[in-house]
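Hi,

Here's the structure I promised to pass on. Have a look, and my notes on what turned up are just below.

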Amino acid sequence: MQIYIKMINRLISILSLIFFTTPVVNGNDSTAVSVNNFTEKRIVKQEKNTVEIFEFINAKSEQPATVEINWALKCEYENKFDSLVIRYRNKLYKDNKNWKYTLPIAIKNKKDLINDLSGGDEYEYQIGVPVSGQINDGVNIDSNYIWSEIKSCKIKKSFNWFNILVVIGALGFFIYGMKIMSEGVQKVAGNKMRQILSAMTSNRVKGVFTGFLTTTLVQSSSATTVMVVSFVNAGLITLTQSISVIMGANIGTTVTGWLVSLLGFKIQISVLSLPLFAVAFPMLFSKHSRTKSVAEFLIGFALLFMGLDFLKESMPDLKSSPQIFSFLQTYSGAGIGDLLLAILIGTIATVVIQSSSAAMALTLILCDQGYISFEMAAGFILGENIGTTITANLAAIVANTHAKRAALAHSIFNVFGVFWMLFLFNYILKGIDWYMINYTKDGSPFINSEARPIALSIFHSAFNILNALILIWFVEFIAKIVTRIMPSKKAGEDDFHLEYIHSGIMKTPELAILEAKKEIAKYGIVTARMSGMIQQLLVEQDQKVYARLISRIKKYEEITDRLEIEIANYLAKVSENEISQEASQKVRAMLSISNDLERIGDIFYQMSKVIERKVQERIWFTPEQRANLKDIFSFVDRAFKNMQNYLESENEKLQIEEAYTIETEINKLRNKLKQDHLNSIESGDYNIKSGQIYTDLFQYCEKVGDHILNVCEAVAGKI
């Protein structure tokens, strides 16, 4: 039926065109237009009821969620119309043909502002004038209007709290990807990372190279510096060695900036993220841990650049939201005041984000999109080098004096670098500008935004390399300064480091063995303290104290692991020399003792996990159970005291009957508790879960007693 109606309408249009001078406007074909009873030439149809009567129409969206539409009529139509109407619709929903109409607008205004649009969306719009020449109130029927061609305009984004959350989420996405990638690399490397840090620090140059290599692999200077602080805390590397490693870590962190600049801006690597997921996902189900770690690395790499892409997209457009960074627009970054402000902002941003790499990526995006100048961005980078030291200092809060000194040295190194850079700042930027103009196709970073990511990466690398070249000669001096600022305190309970043995092998193997014996005696004290922690953990009610105890036990377990590795490596090197049979037997005994002490640390850590499960599941012990556990722990403490006497004894021919006696008593008590427990279960005196945890704890105590006896036997030469 509609087809027939269209055919009739078309026939009427043709007949009217032939026989009448006044055409009919029906919006279905090309027509002449009658306005105020005048006849015009035939006009080409653009769309339904659409004609070309406008000289130009354009739209600008310079404010968030707003568009300004401008128009001008052709000369022959300027005096034919008084008013017009604009209709518009979101292009996302154009299928439903829901046009919105403005109120009548005087044509002489030549522009109109439409508000309350969806920021970031694309809108279609048309301008319509009435066939009669005047608009009647309430008449908005399409067939009564002559419409311009359909045009479109993208609306500028508005920046509100939701957008701020989006930016923060994108930044978190980026940081999470970096974390996953870093952890994957560390898992692939395994213990080799520790071996690299502890072995390749014999001189300053090796230390710098070690820090650079480690940070390049893990893609996080914070991870490297925290690792260094923990090693200094355990005494595995010296303060002087740690300073050179941190210098290298600062250079290594610039690699992340290069990755972001080259792959994030020059190449759209984010399009490869999903294919990387497709490759990595099946690898996650592999039985081989190394394959899983590689998969984590690939997923982290993909997430990193997806996060960077989201971060770039989520940043507000400068023109649409000039108020966001308007306070920065007044600062060029060239003056000393502007530079100091930029350094302060960069420092605060890095402290808040807790990732210099993420702060660097954010700086590159801000500069690339024109929010900040090239000079201001370079100042941000200097501030980020100061802000990144906060991570190491936070890690050192709970560490010993040596670790605090290492973190302080990191701060001194970076702050001093920023200080001398203040005097050469403009010269270095001009040098980078000269290089970019003469040796790259990107041009000057002062003018071309596309050149800025690479130029900033060059600045970042140049600053850290020059700083390392200057300060590498003053490593000992820096160590003296931090030692004077932070003098040694009285040795505390948790102040552990290798006090007697050093990275270099002594010339006399017998003397080396003697020093190792002293270190093992100190090792015994470390493990003995864990018994007291477990006993306190069993009765502690204060949640904060409980959490500190859990953390402290975990820290002690890590220390026992590291001490065993370092002592074993040291003794292995001693064995490489020509030593007597007696000395060889002592080395074997010490290796056995070190292994047993490490196992004791593992057992206490497992006991802490059992107690954690007990607390989480709200399981309670009966008074009898608590009393029994107290009894068996008293025997364990007695065994530890006896073991320590043996370890510190200078007597070559020890009698260890006391050790056998204590071990026998522990075994007897363990057997009794086991039998009593079974009897209580049968009689229903307490629940199964409580009994299981209770059994695990006194069984672990008996295992500790076994390892203590092994230590005593090794001291006595009975291995």
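Let's start with a ring on the outside: Phe-285 is exposed, with a relative accessible area of 60%. Keep in mind that this is a predicted model. Phe-285 has a partner in Phe-281, and the two rings sit edge-to-face, 5.2 Å centre to centre with 80° between the planes. Theirs is one of 12 aromatic pairs in the structure.

Another of these pairs is stacked: Tyr-435 and Tyr-439, at 5.5 Å centre to centre and 25° between the planes. Both tyrosines belong to helix H15 (residues 401-439), and because they are 4 residues apart, about one helical turn separates them. That fits the usual geometry: an α-helix has 3.6 residues a turn, so residues three or four places apart point the same way. Tyr-435 is partly exposed at 37% relative accessible area, while Tyr-439 counts as exposed at 55%. Add Trp-434 and you have one aromatic cluster with the two tyrosines.

Rings also turn up beneath charged side chains. Arg-87 lies over the face of Trp-99, 4.5 Å from the ring centre, and Lys-614 does likewise over Phe-621, at 5.1 Å.

Last one: which residues of helix H17 (residues 475-485) are buried? They are Val-475, Ile-478, Ala-479 and Val-482. Looking down the axis of H17, these buried residues fall within an arc of 100°, so they line one face of the helix. Phe-477, Lys-480 and Arg-484 are exposed on the other side of H17.

Shout if you'd like to go through any of this together.

Cheers

Conventions:
Residues numbered from 1 in each chain as written. Predicted model: local features only at pLDDT ≥ 70, side-chain atom pairs only at ≥ 80, totals over all residues. Heavy atoms only, no water. Buried < 20%, exposed > 50% of the residue type's maximum accessible area, 1.4 Å probe, protein only. Helix = DSSP H or I, 4+ residues; strand = E, 2+ residues; numbered from the N terminus. Arc of directions from axis to C-beta. Phe/Tyr/Trp six-rings, centres within 6.5 Å; stacked < 30°, edge-to-face > 60°. Lys NZ or Arg CZ within 6 Å of the ring centre and 35° of its normal.
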